[in-house]
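Trainee: I'd like a close look at one part of this structure. Please start with a pair of helices and then work outward.

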Amino acid sequence: MKTLQELTRPNIWKLKPYSSARDEYKGAAASVFLDANENPYNLPHNRYPDPLQYELKKDLGKLKKAAPENIFLGNGSDEAIDLVFRAFCEPGKDNAVAIDPTYGMYQVCAEVNDVEYRKVLLDEHFQFSADKLLAATDDRTKLIFLCSPNNPTGNDLLRSEIEKVLNNFEGLVILDEAYSDFSEAPSFLASLKEYPNLVILQTFSKAWGCAAIRLGMAFASEEIISILNKIKYPYNVNQLTQQQAIQMLHKHYEIDRWVKALKEERKELENAFAELPCVLEVFPSDANFFLARVTDAVKIYNYLVGEGIIVRNRHNISLCCNCLRVTVGTRAENGKLVEALKKYK
Ligand SMILES: *Cc1c(COP(=O)(O)O)cnc(C)c1O
């Protein structure tokens, strides 16, 4: 790996971050806060939230076995995706490499930041080759994006290939584990210390059932996390979100139950799909959704919309010709989908 200074944009490396009123005050036992131009009325919403979300990171750290210094929290993982481009990629000069197909936000953030985005096609099993990915890099490649389980294909990427990329790439590897709660494959979080160039993304939006509160996590070395914290908006995670997330962490056993139920429902839905005349192939999934190749994705998508059922049409995505991506819902919702597709002619 290059040094972090070599990887970071020079202006960001030099940047002195905005220092908020709450950053400067870090003493104990204060009770009169006249430093931040807040309104003293309208409790409890009148105060600015903790910029570094300390209480939340303490609870999250216990669950994830990670120190608060190794955790970045943002307005969805999308914030962390944008910030890695802004911190490490010089617009118009540096580039990022990613598997294809994958989550669309990597490319959107690359383009917003004027960073060349290089795609390396997966094989017919939706797997990637580390050698092929590394061959697409050059000395201006700062980031490699991997997503496991991958969206929209649903499968885990091979651990040995991910490790090969981590061991051989000079820049940062962004490993998106948005769906890892649903997978049997262990998270790379336990290996974070072995790989100084690893940034793991996770989210409260999927298994945690909290897409509405917008909370994403990045786990990385203390040095990488400090850079992200330096350039984020000072109060990027609002107080309501921090409180709701803490409450969710206190009932994480409930999440385990949801995940178990969704995995069982997925199996049933996949089996029901395999029997449908309009379904040609159901691709194996390690997530809370699966990809299915159908006889005519556009027609079936539109038919389902007419029935009041929305799935994701992935027909125009690489390798996903005539594919629909189906999120696993409640038993009743999944039943309606199957019943509608049985009636499709
Ligand atoms: C849904 C999803 C996310 C979550 O994004 P948030 O901004 O945290 O809601 C991240 N990565 C992938 C691959 C996803 O599918």
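At what angle do the axes of helix α12 (residues 297-306) and helix α13 (residues 331-343) cross, and within what distance do they come?

Mentor: The axes of α12 and α13 cross at roughly 120° and come within 11 Å. That makes α12 oblique to α13 (under 35 degrees is roughly parallel, over 145 roughly antiparallel, 65 to 115 roughly perpendicular, the rest oblique). The crossing of α12 past α13 is right-handed (near helix turned clockwise from the far one by less than a right angle; anticlockwise is left-handed).

Some ground rules before we go on. This is a predicted model, where local features need pLDDT of at least 70 and side-chain atom pairs pLDDT 80 or more, while totals for chains, interfaces and linings use all residues. Residues are numbered from 1 along each chain as its sequence is written, and side-chain values use heavy atoms, without hydrogens or water. Helices (H or I, at least four residues) and strands (E, at least two) are DSSP runs, numbered from the N terminus. Axes are lines fitted to C-alpha atoms, for helices over the stretch in contact, with angles from 0 to 180 degrees between N-to-C directions.

Now compare two further helix pairs. Two packed helices are described by the angle between their axes and the distance between the axes. Take α4 (54-64) and α10 (residues 239-249). Their axes cross at roughly 25° and come within 9 Å. α4 and α10 are therefore roughly parallel to each other. α4 passes α10 in a left-handed crossing.

Next come α5 (residues 77-88) and α6 (residues 105-112). They pack at about 40°, with axes 9 Å apart. So α5 and α6 are oblique to each other. α5 passes α6 in a right-handed crossing.

α5 also leads us to the ligand. D78 falls in the α5 range, residues 77-88, and a backbone N or O atom of D78 lies 3.2 Å from a ligand oxygen. That is a polar contact (a pair of N or O atoms within 3.5 Å). Two side chains add to the picture. A polar side-chain atom of S205 sits 2.6 Å from a ligand oxygen. For T203, a side-chain N or O atom is 2.7 Å from an oxygen of the ligand. Taken alone, the ligand exposes 390 Å², and the protein buries 94% of that (Shrake-Rupley method, 1.4 Å probe).

The ligand is surrounded by 14 residues (a heavy atom within 4 Å). D176, Y179, T203, S205 and K206 are the closest. The shell has 5 nonpolar, 5 polar and 4 charged residues (Asp, Glu, Lys and Arg are charged).

Finish with the loops. Most residues other than glycine have a negative phi, and most peptide bonds are trans. D114 has a positive phi, near 55°, in the loop between α6 and β3 (116-121). F126 has a positive phi too, near 60°, in the loop between β3 and α7 (130-135). The L43 to P44 peptide bond is cis, with omega near 0°. P44 is in the loop between α3 (21-24) and α4. The N151 to P152 bond is also cis, with omega near 15°. P152 is in the loop between β4 (141-147) and α8 (159-168).

Note on methods
Polar contact = N/O pair within 3.5 Å; in protein donor to acceptor, adjacent residues only side chain to side chain.
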